[in-house]
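Colleague: I should like to learn how to read a model of this kind, feature by feature. Could we look at it together?

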Amino acid sequence: MKKLLLFLIASAGAFGAAYYLVRSSQAAGPTPRPAGAAPPEMAWIPGGEFTMGTNAADLAWPEEKPAHRVRVHAFWMDEHEVTNAQFKTFVEATGYVTTAERTPTAEDILKHVPPGTPPPRKEDLVPGALVFHPTPMPVDTRDVSQWWSWTPGACWKRPEGPGSTIEGRDRHPVVQVSWDDAVAYATWSAKRLPTEAEWECAARGGLVDKPYVWGDEPFSATRPQANLWQGPFPSHNTAIDGFERTAPVKSFAPNGFGLYDMAGNVWEWCSDWYDPELYQKRSSGGVVVDPTGPDLPPGPSYMARRVERGGSFLCCDEYCSRYRPSARHGGDPDTGMSHVGFRCVRSP
Ligand SMILES: [Ca+2]
Ligand SMILES: [Cu+2]
């Protein structure tokens, strides 16, 4: 009898624990904002469970599918992209030299090309970055080299190359920064880059399964929601939204969490390696909790890319439409580009 009682108590305990575990794993709702002041210019992202990716038949690319359930813990996120003024403060405080300002070695270059590619000429080993130039005429958009040019001397301070400047662009997002530059800035700020899952949870702004960070309506030429590209890409940007290249941060309405430019303006680096097939690999299981992406980049090492999210001033539905919250992209971690920047997060 005593034995039976002990058994009952023990199993009640086990059931209780199991019940508690189920309860706590179901308690995946948003976390209320902690009391006290927010860190400067950061918004509270309540986290919780959400649908990551999409099954939408139109617009979405294969790498956004299938939609699946993900849960992330709450965190603070920069309400806007890191600006030139902020990046300048970091560089002045630390003496940091960005990737685009360093002279690459032949090995640096060969890391990013298929094995057997002839080594670069010595005179080509100069610091630089990729600058966007509209094409003079409409072109076949399969060949990106028509509008991206490797530009010696281009860097965050000279975003369009020698002779260009960030003067008057203090409040514009910094561009021509590598993934390593973004990590260096984040570390200095006692922050970090968001994971891809955190970024998407934040971009959705509390909306459920909507195609855009602002909801259902497509881009409006009369009431533009974001800094994107209008007109034939990449020859003629009519800039109906008011901006041909980057826009000062906070030029458009924020999303439901108070975050600006989660669509368009500049792409934003995330911490994860990029795997276009990641969601298919996940689709077998239940809720994925706080995913950090693949441990190693898939495919050959010269193809290793880091996640970029949010699209840029070069996005338009005719070409890539990756300014949607589920859209994904990967970038070469050590190349600066005219349309890539970042923002940071901090765990409470
Ligand atoms: Ca624009
Ligand atoms: Cu795009």
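Modeller: Let us begin with a proline: P234 lies in the loop between α5 (196-204) and β7 (267-273). Please keep in mind throughout that this is a predicted model.

Colleague: Which residues does the cis peptide bond with omega of about 0° join?

Modeller: That bond joins F233 and P234. A second cis peptide bond, with omega of about -5°, joins K65 and P66. P66 belongs to the loop between β2 (48-52) and β3 (68-72).

Colleague: What is the phi of N265, a residue other than glycine?

Modeller: The phi of N265 is positive, near 65°. N265 is placed in the loop between α5 and β7, where P234 also lies. E41 is a further case: it is not a glycine, yet its phi is positive, about 55°. The loop that holds E41 runs between α1 (2-26) and β1.

Colleague: Which of the classes, buried, partly exposed or exposed, applies to N265, and which to E41?

Modeller: The general idea is to count neighbouring C-beta atoms within 10 Å, with 20 or more making a residue buried and 12 or fewer making it exposed. N265 has 32 such neighbours inside 10 Å and therefore counts as buried. E41 has 14 other C-beta atoms within 10 Å, so it is partly exposed.

Colleague: How should I read the burial of a helix, and which residues of α2 are buried?

Modeller: One asks where the buried residues point around the axis. In α2 (residues 84-94), the buried residues are N84, Q86, F87 and V91. Viewed down the axis of α2, they fall within an arc of 165°, and so they line one face of the helix. The face turned away from that buried side carries the exposed residues E92 and A93. Among the elements that cover the buried residues of α2 is α4 (179-188). After α2 comes G95, whose phi is positive, near 70°.

Colleague: How many residues of α5 are buried?

Modeller: Nine of the nine residues of α5 are buried, and the helix is mostly covered. They include charged residues, E196, E198, E200 and R204, as well as W199, C201 and others. Just after α5, G205 has a positive phi of about 60°.

Colleague: What is the order of the strands in the open sheet of three strands?

Modeller: The order is β1-β4-β12, and the pairing is antiparallel. At the edges are β1 (42-45) and β12 (345-346), each of which pairs on one side only. Between β4 (residues 75-78) and β12, the antiparallel pairing extends over two bridges. There, M77 stands opposite V345 in β12.

Colleague: What does a single strand residue tell us, and where is R71 found?

Modeller: One reads its burial together with its partners. R71 is found in strand β3 and has 19 other C-beta atoms within 10 Å, so it is partly exposed. Leaving aside residues up to four places away in sequence, R71 touches A28, G48, E49, V287 and V289. The C-alpha atoms of R71 and F50 are separated by 6.2 Å, although the two residues are 21 apart along the chain.

Colleague: Why look for a nonpolar core at all?

Modeller: Because nonpolar side chains tend to be buried together in soluble globular proteins. Here the largest nonpolar core has 68 residues, and those with the most contacts inside it are M77, A182, A202 and L228. At least two residues of this core come from each of β1, β3, β4, α2, β5 (128-132), α4, α5 and β7. The largest share, five residues, comes from α5. As for A182, it touches V177, L193, W269 and F342, not counting residues up to four places away in sequence.

Colleague: What radius of gyration does the chain have?

Modeller: The general idea is to compare it with the value expected for a compact globule, which is near 20 Å for 348 residues; the chain has 22 Å, which agrees. Its C-alpha atoms fill a box of roughly 90 × 50 × 45 Å along the principal axes. The secondary structure comes to six helices and twelve strands, and 40% of the 348 residues count as buried. Among contacts between residues at least 6 apart in sequence, 72% join residues at least 24 apart.

How values were computed
Residues are numbered from 1 along each chain as its sequence is written. Chains are lettered from A and ligands numbered from 1 in the order in which they are written. This is a predicted model: local features need pLDDT of at least 70, side-chain atom pairs count only at pLDDT 80 or more; totals for chains, interfaces and linings use all residues. Two strands pair if DSSP finds at least two bridges between them. Helices (H or I, at least four residues) and strands (E, at least two) are DSSP runs, numbered from the N terminus. Two residues are in contact if their C-beta atoms, placed from the backbone, lie within 7 Å. The arc is that of the directions from the helix axis to the C-beta atoms. The radius of gyration is taken over C-alpha atoms; the globule rule is 2.2 Å times the number of residues to the power 0.38. A nonpolar core is a set of buried Ala, Val, Leu, Ile, Met, Phe, Trp, Tyr and Cys residues joined through C-beta atoms within 7 Å.
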